[in-house]
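User: Got a model here I'd like to go through with you. Can we take it piece by piece?
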Amino acid sequence: MSHIHRFPLPSPDDFDAQQTLDCGQAFRFQLQEDGSYAGVAGSHPCRIWQEGAAVVVECSCNEDDCAPFWRRYLDLGRDYGALKLILRQDPVMEKAVSFCPGMRLLRQDEWETLCSFILSQNNNIKRIKGIIATLCKEFGQKLHGGQYAFPAPRDLAGRTLGELGVLRAGFRAKYLLDAAQKVASGELELRALYSVPLGEAKERLMTIHGVGPKVADCVLLYGFGKVECIPKDVWIKRALAILYPGGFPAALEAVGGLAQQYLFHYCRTCPQALEEPRALAGAGI
DNA sequence: CCCCAGGTTCTGG
DNA sequence: CCAGAACATGGG
C-alpha cells in the first residue's frame with residue numbers, strides 16, 4: 001500500500017530535495033536514479049522529490065492520513081518566502097540563500113536526532129550515514145521496502161558495548177549507550193523538554209555523557225524545531241569568523257538556526273564561499 | 001606516515 | 001578557567 005502526497009508551495013524555489021535531505025541535517029536519505037530521495041522519516045519509509053512548486057511524498061505507511069506528519073516533518077507551516085526575504089537583506093546571507101534557496105529545516109524525531117548528532121562528533125557525514133544505517137539494520141524494526149526503523153531507546157539500553165561494536169562507531173558507542181539508558185529509564189524525558197526554558201532543555205541534554213553544547217543545539221534545532229539555536233561546528237565557526245568579523249547580525253538571531261543551515265551548506269559545498277573576503281581584502285580595500 | 005572529520009572529555013597547568 | 005591531548009575509525 002502506498003500513498004502519494006502532493007504539497008503545493010508558493011514558489012518552486014521553496015523546496016529542493018537535495019538541498020533539504022542531503023545538506024547534513026538528516027542522514028538516512030539516498031539519491032535514487034530518478035532524482036528522488038528514498039529513506040525513512042520517523043517510522044515512515046518514503047520517497048521524496050519536487051515537481052514544480054510542489055513537494056511530493058510517496059510513503060508506504062498504513063495510517064489513514066499521514067499528511068499532518070509530513071507537514072510537520074517538512075516544516076510546511078513556515079513561510080520560507082518571507083524568511084528568505086528577511087535573510088537576504090544581509091549581503092552574506094544573500095549569497096548563502098541564493099546558493100540553496102530550496103533548503104528547508106526538517107523536524108525530525110527527537111530521539112533519532114539525539115543519536116544522530118552524538119554519532120556526528122569528530123566524524124564525517126559519509127561515515128555518520130554508514131554508522132546510522134548499520135544501527136537501524138542491526139537494532140531497528142524491519143519496515144516495508146527493505147527499510148529499517150530507527151531503534152527505540154529500549155532497543156539499545158540493554159545492549160553491551162561489545163554488541164554495539166558492529167557499528168564501528170568507536171568512542172561514540174558508549175555515548176550512545178548512555179543516551180539510551182537515560183532516556184529508556186526516564187531519567188531524561190525528551191518530551192518534557194518542550195515545556196522547560198530553552199537553556200534548561202539544553203542543560204538536560206548535556207547531562208548525557210558525550211553531549212556537549214554543539215550536539216545539544218543540533219537536537220534542539222533539528223528535533224525540537226528551535227530555530228533560535230545555532231549549532232557551532234567547525235564550519236560555522238570559520239564562517240562567522242571570516243564572514244562576520246563584527247558579529248552575527250542581531251536582527252537575524254531569532255532565526256539563527258535557519259541562517260546557520262544555509263551557511264553550513266553554502267560553505268561546505270562551495271569552497272570559494274570562505275575565500276572571497278580574502279580576495280577582496282587582497283585587492284586592497 | 002601524516003591530516004581530517006557537523007565535538008566532548010580528560011588532563012595538566 | 002583554559003589550551004592541548006586523547007578518543008575510534010576510515011578515507012585521502
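Analyst: One definition to begin with: a polar contact is a pair of N or O atoms within 3.5 Å. Also, this is a predicted model.

User: Okay, use that on DNA strand C. How far is the side chain of Lys174 from a phosphate oxygen?
Analyst: An N or O atom of the Lys174 side chain is 3.3 Å from a phosphate oxygen of DNA strand C. That pair is within the 3.5 Å cut-off, so it counts as a polar contact.

User: Which side chains go to base atoms of strand C?
Analyst: Asn122 has a side-chain N or O atom 2.8 Å from a base nitrogen of DNA strand C. Arg127 has one 3.0 Å from a base oxygen of DNA strand C.

User: Which residues are around strand C?
Analyst: Asn122, Arg127, Arg168, Gly170, Phe171, Arg172 and Lys174. Of the DNA strand C atoms within 4 Å of the protein, 61% belong to sugar and phosphate. By type, the nearby residues are 4 charged, 2 polar and 1 nonpolar.

User: Now DNA strand B. How many residues are around it, and which come nearest?
Analyst: There are 30 around DNA strand B, and Gly24, Asn123, Ile125, Asp233 and Gln260 come nearest. Sugar and phosphate make up 62% of the DNA strand B atoms within 4 Å of the protein.

User: What's the split by residue type near strand B?
Analyst: 15 nonpolar, 12 polar and 3 charged.

User: Which helices supply that surface with at least two residues each?
Analyst: Among them are α10 (213–223), α11 (234–243) and α12 (256–269).

User: And which backbone atoms sit by phosphate oxygens of strand B?
Analyst: Gly210 has a polar backbone atom 3.0 Å from a phosphate oxygen of DNA strand B. Val215 also has a polar backbone atom 3.0 Å from a phosphate oxygen of that strand. For a side chain, take Gln121: an N or O atom there is 3.2 Å from a sugar or linking oxygen of DNA strand B.

User: Switching to the sheet. What's the strand order?
Analyst: β1-β5-β4-β3-β2, an open sheet of 5 strands with antiparallel pairing. The edges are β1 (3–8) and β2 (30–31), and each pairs on one side only.

User: How many bridges join β2 to β3?
Analyst: 2 bridges, with β3 covering residues 37–41. Gln30 faces Ala38 across that pair.

User: And β3 to β4?
Analyst: 5 bridges, antiparallel. Gly39 is opposite Cys46 there. The hairpin has 2 residues between the strands, and Gly42 has a positive phi near 60 degrees.

User: Where does β4 pair next, and how covered is it?
Analyst: β4 pairs with β5 (residues 54–59) over 5 bridges. Ile48 stands opposite Val57. Their hairpin has 3 residues in between, with Gly52 in the turn at a positive phi of about 60 degrees. β4 spans residues 44–50 and is mostly covered, with 5 of its 7 residues buried.

User: Last topic, the arginines. Is Arg104 buried or exposed, and what is the nearest opposite charge?
Analyst: Arg104 is buried and has no salt bridge. Asp14 is the nearest side chain of opposite charge, 5.3 Å away.

User: What does the Arg104 side chain reach, then?
Analyst: The backbone oxygen of Asp14, at 2.8 Å. Arg104 itself sits in the loop between α4 (91–99) and α5 (110–119).

User: What about Arg28?
Analyst: Arg28 is buried too, with no salt bridge; Glu112 is its nearest side chain of opposite charge, at 4.4 Å. A salt bridge needs the charged atoms within 4 Å, so that distance falls outside. A polar side-chain atom of Arg28 lies 2.4 Å from the backbone oxygen of Tyr148. The residue is in the loop between α1 (17–21) and β2.

How values were computed
Residues numbered from 1 in each chain as written. Chains lettered and ligands numbered in written order. Predicted model: local features only at pLDDT ≥ 70, side-chain atom pairs only at ≥ 80, totals over all residues. Heavy atoms only, no water. Pairing = 2+ DSSP bridges. Helix = DSSP H or I, 4+ residues; strand = E, 2+ residues; numbered from the N terminus. Near = heavy atom within 4 Å. Polar contact = N/O pair within 3.5 Å; in protein donor to acceptor, adjacent residues only side chain to side chain. Nonpolar A, V, L, I, M, F, W, Y, C, P; charged D, E, K, R; others polar. Buried < 20%, exposed > 50% of the residue type's maximum accessible area, 1.4 Å probe, protein only. Lys, Arg positive; Asp, Glu negative; His and termini not counted.
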